[in-house]
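Okay, thanks everyone for coming. Please get the picture up on your screens, and I'll talk you through it piece by piece.

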Amino acid sequence: MSHRVLVEAGPAAGVAVLKFRNPPVNALSLEMLMELVISLEKLENDKAVRGIVITAENPGIFLAGLDLTEMCGRNPAHYAKYWEAVQELWLRLYQSSKVLVAAINGACPAGGCLASLTCDYRVMADNPKYTIGLNETQLGIIAPFWFKDTLVNTVGHRAAEQALQLGTLFPPAKALQVGIVDQVVPEEQLQSAALSVMAQWLAIPDHARQLTKTMMRKPTVDQLVKQREADIQSFVGLISQDSIQRALQTYLQKLRQKKG
Ligand SMILES: CCCCCCC/C=C/C(=O)SCCNC(=O)CCNC(=O)[C@H](O)C(C)(C)COP(=O)(O)OP(=O)(O)OC[C@H]1O[C@@H](n2cnc3c(N)ncnc32)[C@H](O)[C@@H]1OP(=O)(O)O
């Protein structure tokens, strides 16, 4: 039984809707990652499902990214387990044979942006409070190579380099201009727009679309698969450094003080 991920049958045949519900901010905790992987595996094996709309149950925050509390003050074994789960989610999403459409109905930083970038199409609600991007450098950390490659595959090398170096969080219109999202629509039309684009994608025969998706994505997937263990060790080494721990603690404190 999943608590942090809700899967519903969509209003159209063959479409499921997967909703994030991990209050307060839909951070990707270890439990949330594991529940997502299980839900995605079930959907992947369900022949009746051809497409999945991915969204947040409550508008405001799509995903707050990786859970910073999983990466602060823990031991190396925990960091390794956490990072393996992050890799697993990315591999499931990026290699999914289903059509994935992200209906971005809230803030979408870092790991949240990465999850949306694995989708085949991104529709974002036109709300200036919502931003999207790989903002890792703003936290004093570096987006791993497979985060970078997923962005490069979406927006091209130059735009990705600039966005990554600056850690830019783009509001909807700018995100559309850069190509990080494919469509921006009024907030109240987000779900209908996602279903409408899903219908267009489902009009293509599955086998042809799936083989094309694999052809386009396999080189990027293979890069991680062939060095998965090394990537885990690299993450554990970096995240355990005092300077990185200090940077993350400072960032978390800033988030907490924002309220007070
Ligand atoms: C060095 C080796 C390489 C490492 C690579 C690692 C790659 C990392 C990828 C990531 O995803 S890092 C996480 C990036 N995420 C962010 O920068 C988002 C941070 N959060 C926000 O900007 C805001 O919280 C929000 C999502 C826009 C929501 O704002 P809102 O005003 O609605 O809520 P807050 O009051 O800010 O937060 C409520 C509560 O939640 C805590 N929190 C927020 N984000 C996270 C998070 N990502 N992980 C854990 N906890 C988070 C926040 O601290 C508040 O906690 P309390 O004060 O209530 O205790």
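So, let's begin with the sheet: six strands make an open sheet, and the order across it is β1-β2-β3-β5-β7-β9, with mixed pairing. When I say two strands pair, I mean DSSP finds at least two bridges between them. And the names come from DSSP runs, counted from the N terminus: helices are H or I with at least four residues, strands are E with at least two. At the edges sit β1 and β9 (183-185), each of which pairs on one side only. Going from one strand to the next, the twist averages 20°.

Before I go on, a word on what you're looking at: this is a predicted model, so local features need pLDDT of at least 70 and side-chain atom pairs count only at pLDDT 80 or more, while totals for chains, interfaces and linings use all residues. Residues are numbered from 1 along each chain as its sequence is written, and side-chain values use heavy atoms, with hydrogens and water left out.

Now let's walk across the sheet. Strand β1 (residues 5-9) pairs with strand β2 (residues 15-20) in the antiparallel sense, over five bridges. Val5 has Phe20 as its bridge partner in β2, and Val7 stands opposite Leu18. These two strands form a hairpin with five residues between them, and in the turn Gly14 has a positive phi of about 80°.

Next door, β2 and β3 pair in the parallel sense, over six bridges. Look for Ala16, whose bridge partner in β3 is Ile52. Then strand β3 (residues 51-56) runs parallel to β5, joined by four bridges. There, Gly51 partners Val99 of β5. Keep going and you get another four bridges, between β5 and strand β7 (residues 121-125), again parallel. In that pair, Val101 stands opposite Tyr121.

How many residues of β3 are buried? Six of its six. Buried here means under 20% relative accessible area, exposed means over 50%, and partly exposed is in between, using a 1.4 Å probe and protein chains only. In a regular strand, side chains alternate between the two faces of the sheet. For β3, both faces are covered: Gly51, Val53 and Thr55 are buried on one side, and Ile52, Ile54 and Ala56 on the other. Strand β5 (residues 99-104) also has six of its six residues buried. Its two sides are Val99, Val101 and Ala103, then Leu100, Ala102 and Ile104, and both are covered.

On to the helices. Helix α1 (residues 30-45) packs with α2 at an angle of about 30°, their axes 9 Å apart. For these numbers, axes are lines fitted to C-alpha atoms, over the stretch in contact for helices, and angles run from 0 to 180 degrees between N-to-C directions. So α1 and α2 are roughly parallel to each other. The cut-offs are under 35 degrees for roughly parallel, over 145 for roughly antiparallel, 65 to 115 for roughly perpendicular, and oblique for the rest.

Which residues of α1 meet α2? Leu30, Leu33, Leu36, Val37, Leu40 and Glu41 do, and on the α2 side they find His78, Lys81, Tyr82, Ala85, Val86, Glu88, Leu89, Arg92 and Leu93. Contact means heavy atoms within 4.5 Å. By class, that's 10 nonpolar, one polar and four charged residues. Nonpolar covers Ala, Val, Leu, Ile, Met, Phe, Trp, Tyr, Cys and Pro; charged covers Asp, Glu, Lys and Arg; the others, Gly among them, are polar.

Helix α2 (residues 76-94) has another partner, helix α9 (residues 228-239): their axes come within 9 Å and cross at roughly 130°. That makes α2 oblique to α9. The α2 side of the contact includes Tyr79, Trp83 and Leu91, and the α9 side includes Ile232, Phe235 and Ile239. Sorted by class, this contact has nine nonpolar, one polar and four charged residues.

Last stop: Gly111, which is in helix α3 (residues 111-117). Is Gly111 buried or exposed? It's buried, with a relative accessible area of 4%. Leaving out residues up to four places away in sequence, Gly111 touches Leu28, Gly65, Leu66 and Glu136. Gly111 and Glu136 are 25 residues apart in sequence, and 9.1 Å apart in space, C-alpha to C-alpha.
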